[in-house]
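Here are my notes on this entry. Please read them with the model open.

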Amino acid sequence: MMNKIKTLVVAFLLISFASFAQSNDQPLKIGYTNVEYILLQLPESKEIESQLKTHSTQLENQLKGKYNEYETKLQAYEKGAATMDKTIREDKEKELMNLNNSIQEFQRNAQMSLQQKEKSLVDPVIAKIDKAIKDVAKENGYTYVISNQALLAGPENGDISPLVLKKLGVDPSKVQQTPEPAAAKPAATTPAKSATKSPVKKKN
């Protein structure tokens, strides 16, 4: 589940500009941080993961119910199709086709629902992190703050993650070590699996 959250954070790809005026004689000062890392240190991350897991489980249970109904009716159809009246057989086939289409539509809607849930939970936290980064940049004289996922190399004292965590009320000394600057990697995605068998083929 956290991989989904990470995907949203990577999509954010922070390139935050310090929101203050710079005089001509002020030296250029660049810092870097990792939004994903900061998010995972916040108490909200566990709550987000919990809510997403609950929502996903609810959707999975609904899908299983629909699939079980489809399987039961399909087995009944296959068992009795040979002795069915043509009209009854065609009605059963139509019912199975409709159930199959309903399951596929539910899968699409469930995926959209989960994505919307993720966005509604993660976006406010990202906005809070973004504000904290800008505040830290302004308070410490950083001209720019970039994502370390777009940074190939940088000085250790350029990492403002501990300052941002402190601004957000998290003790930097009690969290895992800040990840080293690295080039951004594409987020892993898992292809959706089809929950239904192939539609029933009509018999002549």
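The points below cover two residues around strand 2 and then the main nonpolar core.

1. A caution first. This is a predicted model. Local features are reported where pLDDT is at least 70. Side-chain atom pairs count only at pLDDT 80 or more.

2. T33. This residue sits in strand 2, which spans residues 30–33. T33 counts as buried because its relative accessibility is 1%, against a cut-off of under 20%. Its side chain has a polar partner: the side chains of T33 and S161 are joined by a polar contact of 2.7 Å.

3. K29, position. Look in the loop between strand 1 (15–17) and strand 2 for K29. Its relative accessible area is 34%, so K29 is partly exposed.

4. K29, partners. Beyond its neighbours within four places in sequence, K29 is in contact with N140, G141, Y142, T143 and Y144. With G141, the C-alpha separation is 7.0 Å, although the two residues are 112 apart along the chain. N140 offers a polar atom: its backbone oxygen lies 2.8 Å from a polar atom of the K29 side chain.

5. The core. The largest nonpolar core has 37 residues. Which members touch the most others? They are I38, I129, I133, I160, V164 and L168. Two or more residues come from each of helix 2 (35–41), helix 3 (43–80), helix 4 (86–139) and helix 5 (161–167). Helix 4 gives the most, with 15 residues.

Technical notes. Residues are numbered from 1 along each chain as its sequence is written. Side-chain values use heavy atoms; hydrogens and water are left out. Helices (H or I, at least four residues) and strands (E, at least two) are DSSP runs, numbered from the N terminus. Buried means under 20% relative accessible area, exposed over 50%, partly exposed in between (1.4 Å probe, protein chains only). A polar contact is a pair of N or O atoms within 3.5 Å; within protein, one must be able to donate a hydrogen and the other to accept it, and residues adjacent in sequence count only if both atoms are side-chain atoms. Contact means heavy atoms within 4.5 Å. A nonpolar core is a set of buried Ala, Val, Leu, Ile, Met, Phe, Trp, Tyr and Cys residues joined through side-chain atoms within 4.5 Å.
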